[in-house]
Amino acid sequence: MTTTDPPASSPWRKVRIALLLVVLAGAGLKYLQVRRAERWVPDWRATQQVLLVLLAPASATPDEQAELERLTRFARLGDDKATLSALEHWFEVELGRYVDRPGFKPVQLRVTGPHAYSGAPPPPPRVGEGLSFRDRYRRTRDFLGWYEERLKDVPGRFPNIVFVTFYGADAAHVFRGVHSVASRRERRGFVFAPLTDQGRDAALINVAHELLHLFGATDKYEGERCAYPQGWVEPFKEPRLPQRFAEVMAQGIPVADGRAEASLDLFEAMRVGVETAREIGWIDEARRDRYYAGDVSAGPRLD
Ligand SMILES: [Zn+2]
C-alpha cells in the first residue's frame, strides 16, 4: 500500500470500489452485447427486412447517366433479368431447396436511391495491410461514419442495411482494390460496383454474398480456390468436375482439376450450399453432418 491510500474502511474507498464495479459491469455488458451481435442468426419464422441504399456518383458522364437510368429501373424492379426482385425471388427458391415453405418470402428488400455522392468513401481497412490496432480502429470508424452520414435522409429504421456504392470510370482506380465487406456486428454490408452493365450483375451477386455474411455465413474460398467440400454446391456429384453451380460464399465454379475456377458472372448460377444453409439457420447441424457423411438426400434439391 502506498502512503496516499486512504484507510481500508474509509467511505472514499467504498465509493471507489463501487465505481470500479459499475465500470466493470458496463464493460462486461458491452462485451456480452458484442458477442451476442456477432452470433446473431435470423429467426426464419419471419421475413428478414433489408434496406438497400443505392449510391451513385454526382459526376457521371452521359453514358454513365444512361446506366444510372437503368440502375433506377433495376432498383424499381424493372423488366431486366438481373433485378432486385429477382434477387428476392432467389432467396425464396434457395430456401425452398432445403425446406418446404410455399409462399414464404425469407428476405424482403426495400430500396432507396440512387442517392448522389461526391468524392469517395474512405477505404475500409483490409486484412494484410499491417495496420496497428489504433489505425484499424480509426479507419473502420471513418468508413462506417461516412455511410451513417448517407442514412440521414433515409426515413425509418432497418435491422439490416446493405449499401451499394456504384462508381464511374473516372474513379475506377480508387475503387479497384476495394472489396465488398460486411460487418455482422453492425448488420451492415458494403458493396462496390462499376456503373456499367456488368456492374449491375456483380452488384446483385455481392449483395447476396454480403447479406448472407450478415445472416452468419462465412467465406468458403481458400485463396483463388473454392474450399472443398463446403464451397462446392455438389461436392459428391459423379463425375465431380465440372461443377454446374457456384456456392454463393465461394463465388467460383470449379471446372477442371488444376484449372482456375470459372468466375461467377451470372447470378442464376449461384446457389446456397449445405454449410452456408446450416450457418444461417436454414438446416440443423445433424442434417449438415448427414450430408457431408455422404447422404446426398440431406442436401439441396437441385434441378
Ligand atoms: Zn465474403
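The exercises below work through the fold of a predicted model, from its overall layout to single residues.

Residues are numbered from 1 along each chain as its sequence is written. Because this is a predicted model, local features need pLDDT of at least 70, side-chain atom pairs count only at pLDDT 80 or more, and totals for chains, interfaces and linings use all residues.

**Exercise 1. Overall layout**

Task: State how many helices and strands the protein has, and into which domains the protein is divided.

Solution.
- Step 1. Count the elements. The protein has eight helices and eleven strands. Helices (H or I, at least four residues) and strands (E, at least two) are DSSP runs, numbered from the N terminus.
- Step 2. Take the dimensions. Along the principal axes, the C-alpha atoms fill a box of roughly 80 × 55 × 40 Å.
- Step 3. Assign the domains. Domain 1 covers 48-214 and domain 2 covers 221-295. These bounds come from an automatic or database domain assignment.
- Step 4. Check burial. Of the 303 residues, 31% are buried. Buried means 20 or more other C-beta atoms within 10 Å of the residue's own; exposed means 12 or fewer; partly exposed lies in between; C-beta atoms are placed from the backbone.
- Step 5. Look at the contacts. Among those with a separation of 6 or more, 65% join residues 24 or more positions apart. A contact needs C-beta atoms, placed from the backbone, within 7 Å.

**Exercise 2. The five-stranded sheet**

Task: Give the strand order of the open sheet and find which strands stand at the edges.

Solution.
- Step 1. Write the order. The five strands run S2-S1-S3-S5-S4, with mixed pairing. Two strands pair if DSSP finds at least two bridges between them.
- Step 2. Find the edges. S2 and S4 (181-183) each have a single partner strand, so one side of each is left without a neighbour in the sheet.
- Step 3. Count bridges. S1 and S2 run parallel and share nine. S1 and S3, also parallel, are joined by six. Seven link the parallel pair S3 and S5.
- Step 4. Name some partners. Val-50 pairs with Leu-109 in S2. Leu-51 has Ile-161 as its partner in S3. Ile-161 in turn has Arg-188 in S5. Phe-163 is matched with Phe-190 in S5.
- Step 5. Get the twist. Neighbouring strands of this sheet are turned by 20° against each other on average, direction ignored.
- Step 6. Place a helix. H3 lies across S1 and S2, at about 150° to S2. Axes are lines fitted to C-alpha atoms, for helices over the stretch in contact, and angles run from 0 to 180 degrees between N-to-C directions.

**Exercise 3. The largest nonpolar core**

Task: Identify the core residues that touch the most other members, and say where the core lies.

Solution.
- Step 1. Define the set. A nonpolar core is a set of buried Ala, Val, Leu, Ile, Met, Phe, Trp, Tyr and Cys residues joined through C-beta atoms within 7 Å.
- Step 2. List the best-connected members. The largest core holds 55 residues; Leu-52, Val-162, Val-164, Val-191, Val-207 and Ala-208 touch the most other members.
- Step 3. Find the main contributor. H6 supplies the largest share, nine residues.
- Step 4. Locate the core. Domain 1 and domain 2 both give residues to it, so the core lies between them.
- Step 5. Zoom in on Val-162. Residues it touches include Val-50, Leu-52, Val-191 and Val-207, not counting those up to four places away in sequence. Val-162 is also the bridge partner of Leu-52 in S3.
- Step 6. Check the strands. Seven of the eight residues of S3 are buried, so S3 is largely enclosed by the rest of the structure. S1 is likewise largely enclosed, because seven of its ten residues are buried.

**Exercise 4. Where the domains meet**

Task: Describe the side of domain 1 that touches domain 2.

Solution.
- Step 1. Count residues. Twelve residues of domain 1 are in contact with 15 of domain 2.
- Step 2. Name the elements. H3 and H6 each give two or more residues to this side of domain 1. H6 gives the most, with six.
- Step 3. Sort by type. This side has nine nonpolar, one polar and two charged residues. Ala, Val, Leu, Ile, Met, Phe, Trp, Tyr, Cys and Pro count as nonpolar, Asp, Glu, Lys and Arg as charged, and the others, Gly among them, as polar.
- Step 4. Add the spacing. The domain centres, taken over C-alpha atoms, are 24 Å apart.

**Exercise 5. One residue in H1**

Task: Is Leu-21 buried or exposed?

Solution.
- Step 1. Place Leu-21. This residue is found in H1 (residues 11-39).
- Step 2. Count neighbours. Leu-21 has 10 other C-beta atoms within 10 Å, so it is exposed.
- Step 3. Compare positions. Leu-21 and Ala-203 are 182 residues apart in sequence and 48 Å apart in space, C-alpha to C-alpha.

Definitions and conventions:
Two residues are in contact if their C-beta atoms, placed from the backbone, lie within 7 Å.
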